Amino acid sequence: MTVRKNQATLSADEKRRFVNALLELKRSGRYDTFVTTHNAFIMSDTDNGDRVGHRSPSFLPWHRRFLIQFEEALRSVDPAVTLPYWDWTADRTSRSSLWAPDFLGGTGRARDGQVTDGPFARGGNRWTINVRVDGRDYLRRDLGAGGRRLPTRAEVESVLAMETYDTAPWNSASDGFRNHLEGWRGVNLHNRVHVWVGGQMGTGASPNDPVFWLHHAFVDKLWADWQARHPRSTYLPAAGTANVVDLGDTMRPWNDVTPADMLDHTRHYTFDTAA
Amino acid sequence: MSSITRRRALGVAAGAAGAAAGLAAAGSATAAAPRATAPAAEPAPASFDEVYQGRRIKGGPSHGGDHHGGHHGGGYSVTIDGRELHVMRNADGTWISVINHYEPVATPKALARAAVRELQGAPLVLLTLA
């Protein structure tokens, strides 16, 4: 059974195997296909047009399916590997073990933002940024630039308390749990974490940074936590909504999976703590 | 429940197609005709043309088709040194770009300036989708 663990609890061996599986996906070219897919949706999902991966109710089931697909790719390299999650309310500084050289490496240097330590530093020649929005081919970060702060547990709790999954107009202007978790409105959880990391994580090609998966694994866990807290609430909208993925509609790019299929994560994995 | 189970079974079977299939579908998604994203009530922001930190940034209403593979600025385009920056207008009238995607700013000019600061002199690369 696939158990997703808090990254802070991983053993040295678990970290090494996770990193090695990432590097092998990168070497084989499979990694970059995920970056391309994500950026394509970032650029095409619009508030008043078709929207699937972002700024819409299907933000959560779309990323759940996307992470499952990525986790399957990792496990095809090493079946012992699962996606860890980063609880950024707890591990909230650049001194966290997440950013150590034996795991993701640290922040970028002042001159050009280049990450210079850890397995994903350009100097190691194993992590070239190929799918990119500018000319630089090295991983960049600027952790907590400008004194930015990651969301607090209290801020997460205030969003988890929202009973309604999502509301019309089903986009970045919506009230409800989904848009507050995504961050276009209110205290801002998910979006703010992308900005806090900086570098490629602030761009449409954000999966270039491996922390993308750990961030989204935690966002995904917060959805599971919300479901456990509000068992009578469910995915909305139910049917007949223009430009938006209803509960039973299939989602691009897979076209064979619906939000309804994604509601129960325990069909695919569990978490190290009860959700 | 049975239909969900059946769909899930199909999904597992289709999983082998994996990322390659996903790529193809995503590519076709962006090839679709762009839609205006700006709320009808919002006036178009002013054009601008300036040199900011040594880079020529321009913005203004765009005319004609979607010749750069899918921009959704609601009829407004932004360039940095002549290369198009993919921009998008949010429902509340704020703006984001592919460079600063998760942090809305008030105007396209502020967006162009934020992108210049982020680029630190690097050229924009137009993403060509598979």
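Which residues in α1(A) meet A:Arg30, A:Tyr31 and A:Asp32 in α2(A)?

## Two crossing helices in chain A

In this predicted model, the residues of α1(A) that meet A:Arg30, A:Tyr31 and A:Asp32 of α2(A) are A:Leu22, A:Leu25, A:Lys26 and A:Ser28. Two packed helices are described by the angle between their axes and the distance between the axes. Helix α1 of chain A covers residues 12-28, and its axis comes within 4 Å of that of α2(A), with a crossing angle of roughly 80°. Since angles of 65 to 115 degrees count as roughly perpendicular, α1(A) and α2(A) are therefore described as roughly perpendicular to each other.

A:Lys26, one of the contact residues on the α1(A) side, also lies over the face of A:Trp127, at 4.9 Å from the ring centre. A second charge placed over a ring is that of A:Arg4, which lies over the face of A:Tyr269 at 3.6 Å from the ring centre.

## Aromatic rings

The count of aromatic pairs over all chains comes to 28. The centres of the rings of A:Phe34 and A:Phe70 are 5.1 Å apart and their planes stand at 85°, so this pair is edge-to-face. The pair links distant parts of the chain, with A:Phe34 in helix α2 of chain A (residues 30-44) and A:Phe70 in helix α3 of chain A, 36 residues apart. A:Phe34 and A:Phe70 are both buried.

These two residues also belong to one aromatic cluster, whose members include A:Tyr31, A:Phe41, A:Trp62, A:Phe66 and A:Trp127. A:Tyr31 has already appeared among the α2(A) residues that meet α1(A), and A:Trp127 is the residue whose ring face lies under A:Lys26.

## A buried loop residue

A:Val52 lies in the loop between α2 and α3 of chain A, and with 5% relative accessibility it counts as buried. Leaving aside residues up to four places away in sequence, A:Val52 touches A:Phe41, A:Asp45, A:Ser58, A:Phe59, A:Trp62, A:Val245, A:Met251 and A:Arg252. Among these contacts, A:Phe41 and A:Trp62 are members of the aromatic cluster. The C-alpha atoms of A:Val52 and A:Lys5, which are 47 residues apart along the chain, are separated by 28 Å.

## A covered helix in chain A

Helix α6 of chain A (residues 190-197) is mostly covered, with 8 of its 8 residues buried. The buried residues include A:His190, A:Arg192, A:His194 and A:Trp196, and the buried residues of α6(A) pack against α3 (59-77), α4 (153-160), α5 (177-182) and α7 (211-229) of chain A. A:Gly198, which follows α6(A), has a positive phi near 75°.

## Chain B and its sheet

Chain B holds 3 helices and 6 strands, and from the N terminus on its elements run α-α-β-β-β-β-β-β-α. Of the 130 residues of chain B, 43% count as buried. Among the contacts in chain B with a separation of 6 or more, 46% are accounted for by residues 24 or more positions apart.

In chain B, 4 strands form an open sheet in the order β1-β2-β3-β4, and the pairing is antiparallel. The strands at the edges are β1 (48-52) and β4 (83-85) of chain B, each with a single partner strand, so one side of each is left without a neighbour in the sheet. From one strand to the next, the twist averages 25°. Helix α3 of chain B (residues 108-119) lies across β1, β2, β3 (76-80) and β4 of chain B, and runs at about 25° to β1(B).

## The edge hairpin of chain B

β1(B) pairs with strand β2 of chain B (residues 55-61) in the antiparallel sense over 5 bridges. The two strands form a hairpin with 2 residues between them, and in the turn B:Gln53 has a positive phi of about 45°.

The side chains along β1(B) alternate, so to speak, between two faces: B:Phe48, B:Glu50 and B:Tyr52 point to one face and are buried, whereas B:Asp49 and B:Val51 point to the other and are not buried. Of the residues on that second face, B:Asp49 stands opposite B:Lys58 in β2(B), and B:Val51 stands opposite B:Arg56 in β2(B).

Terms used: Residues are numbered from 1 along each chain as its sequence is written. Chains are lettered from A and ligands numbered from 1 in the order in which they are written. This is a predicted model: local features need pLDDT of at least 70, side-chain atom pairs count only at pLDDT 80 or more; totals for chains, interfaces and linings use all residues. Side-chain values use heavy atoms; hydrogens and water are left out. Two strands pair if DSSP finds at least two bridges between them. Axes are lines fitted to C-alpha atoms, for helices over the stretch in contact, and angles run from 0 to 180 degrees between N-to-C directions. Contact means heavy atoms within 4.5 Å. Buried means under 20% relative accessible area, exposed over 50%, partly exposed in between (1.4 Å probe, protein chains only). Rings of Phe, Tyr and Trp (its six-membered ring) pair if their centres lie within 6.5 Å; planes under 30 degrees apart count as stacked, over 60 as edge-to-face and the rest as tilted. A charge sits over a ring if NZ of Lys or CZ of Arg is within 6 Å of the ring centre and within 35 degrees of the ring normal. Angles under 35 degrees count as roughly parallel, over 145 as roughly antiparallel, 65 to 115 as roughly perpendicular and the rest as oblique.
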